[in-house]
Amino acid sequence: MIDAILVPNRGEIAVRIARACREIGIRSILGHAANDDVRFVRRFFDDAVPLKSYLDVNSVIDAARASGADAIHPGYGFLSERAELAAACEEAKIIFIGSTAESIAAMGSKAHSRHLMQRLGVPVVPGYDGDDQTNFQAEADRIGYPVLVKASAGGGGKGMKIVRERGELQPQIESARREAMKAFGDDRLLLEKYIEEPRHVEFQIFGDGRGEVVHLFERDCSIQRRHQKVVEETPAPRYSEELRQRMAQAAVAAARGVGYRNAGTVEFIVTPDGEFYFLEMNTRLQVEHPITEQVTGVDLVRAQIDVAGGKPMPWAQSELRQRGHAIEVRVYAEDPDDRFLPQSGKIALYAEPSGPGVRVDAGVAQGSEIGVSYDPMLAKLVCYAESRDACIDRVDRALRDYTILGVRTNVSWLRRVVTHEAFRDGRVSTRFLVEHEESLGRGTPEVVSAVAAVLSSAGVLAGRPGGVSPPRVTSVWDALGSWGR
Ligand code: ADP
């Protein structure tokens, strides 16, 4: 059994794990970097210890020892997919709440995981993933254009290049190599056939490390900006039960084939004709795990902790049901009016939506400082309803109720994404945001700017409503933030 868990992470995921610890009755310790505003996150933890950085394995192990933690939950990002941390935990006799160092290493290489999947009979995107790194030209010609160049060690869309014609291949290979070297210290590449207008559909899986694996259904994460997910939902719209079943079986086969332990995700790319191919497997908790929790009623973090502590698998496949519909939108401090540039500053006013079927997993509160050193995701808004249509209405309503003043956010832009006619129809693909760029418009609806101008010229925004000190505003836009949009 686990007594105390160190969470060397930040923001909403640190809070999420701390909440599970409190519910189980396990002591929680936050491991945090010095340059991070952790005042809000800290409240949810029993203790806190400083780390040199969220990426320093030795510092994390030392922090666990110093604080008396017998387990580490890495969350997502940072060290969560670094086999070194899992291995260092094993050596230090600390329980790593996640997969094994071997699985993490095997799945961390896109080339290696493709080889494994092919052996297990799971379809992979037609491509080239050989050791010879000199004959990409011939291989690309064989695959046929467009092709996608990928970094084998890749993640977060880094090092990924679309090549539409033969002549573009060499310069793109060079550029992908440089990016991959810089980001991952490993410049090995692979090629895949570039699939036009695909959907990204992934399966939540869970294993006990002894060969037992279940799936907790799919998540459609097709709404992406620069290969990064922005909106996720489950079930995947417009797909037949039969297709989803086949994909689920492939996901389970993939996880079972590697003796998978703990929570993981098997990602597929799906062509418009419904052909699906393995993309990669993420050996950790995903950002978008809450939508799975909403439709299945399980607590994935609690299950992770239980299984890591030696308990048996919490559910049999036949006990798992997918009910209703859930959608998550990622709320960022970024400016949709200005190329989505990350924003920094102090959150002057913060009021979250609530009400039926609304869950907010936030890492910030009023007064939080948004710095430039970390990912600008502020919170995840997760809505649940009986049907997809009702769920969209609920996300729309909740976003209207979301007030964030002081930093610009993507809240109003997200509203336009989820209320877009094509989204409503379930006509989604990874090209959605590019295809509908025009109709999605930019950050500030004109009517809001106009109202803001009138209010500010009338001096309303400088007032002191109800004795609350007004947020310091640098512009009308800041003053309105995401208020009332
Ligand atoms: P990363 O590990 O960098 O996130 P992935 O392999 O998971 O890379 O792919 C990220 C996204 O890139 C996918 O969700 C999809 O939108 C797009 N993508 C990946 N492979 C292909 C492909 N072969 N054809 C078209 N799009 C792709």
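In which strand is the place of E202? In this predicted model, E202 belongs to strand 10, which covers residues 199-208. This briefing treats the surroundings of E202 and then an open sheet of four strands with the order 6-9-7-8.

**Surroundings of E202**

- E202 counts as buried because its relative accessibility is 0%, where the cut-off for buried is under 20%.
- The side chain of E202 is joined to that of H200 by a polar contact of 3.1 Å.
- With neighbours within four places in sequence left aside, the contacts of E202 include F217, E218, R219, C221 and K229.
- Also among the residues in contact with E202 are T265, V266, E267, F268, Q286 and E288.

**The four-stranded sheet**

- The sheet is open, and its strands, in the order 6-9-7-8, pair in antiparallel fashion.
- Strand 6 (127-128) and strand 8 (161-163) form the edges, each pairing on one side only.
- Strand 7 (residues 147-151) and strand 9 (residues 189-193) run antiparallel and are joined by five bridges.
- A151 has L189, in strand 9, as its bridge partner.

**Helices lying across the sheet strands**

- Helix 6, formed by residues 110-119, lies across strand 6, strand 7 and strand 9. The angle at which helix 6 runs to strand 9 is about 55°.
- Helix 8, formed by residues 169-184, lies across strand 7, strand 8 and strand 9. Relative to strand 8, helix 8 runs at about 170°.

Notes:
Residues numbered from 1 in each chain as written. Predicted model: local features only at pLDDT ≥ 70, side-chain atom pairs only at ≥ 80, totals over all residues. Heavy atoms only, no water. Helix = DSSP H or I, 4+ residues; strand = E, 2+ residues; numbered from the N terminus. Buried < 20%, exposed > 50% of the residue type's maximum accessible area, 1.4 Å probe, protein only. Polar contact = N/O pair within 3.5 Å; in protein donor to acceptor, adjacent residues only side chain to side chain. Contact = heavy atoms within 4.5 Å. Pairing = 2+ DSSP bridges. Axes fitted to C-alpha atoms, helices over the stretch in contact; angles between N-to-C directions.
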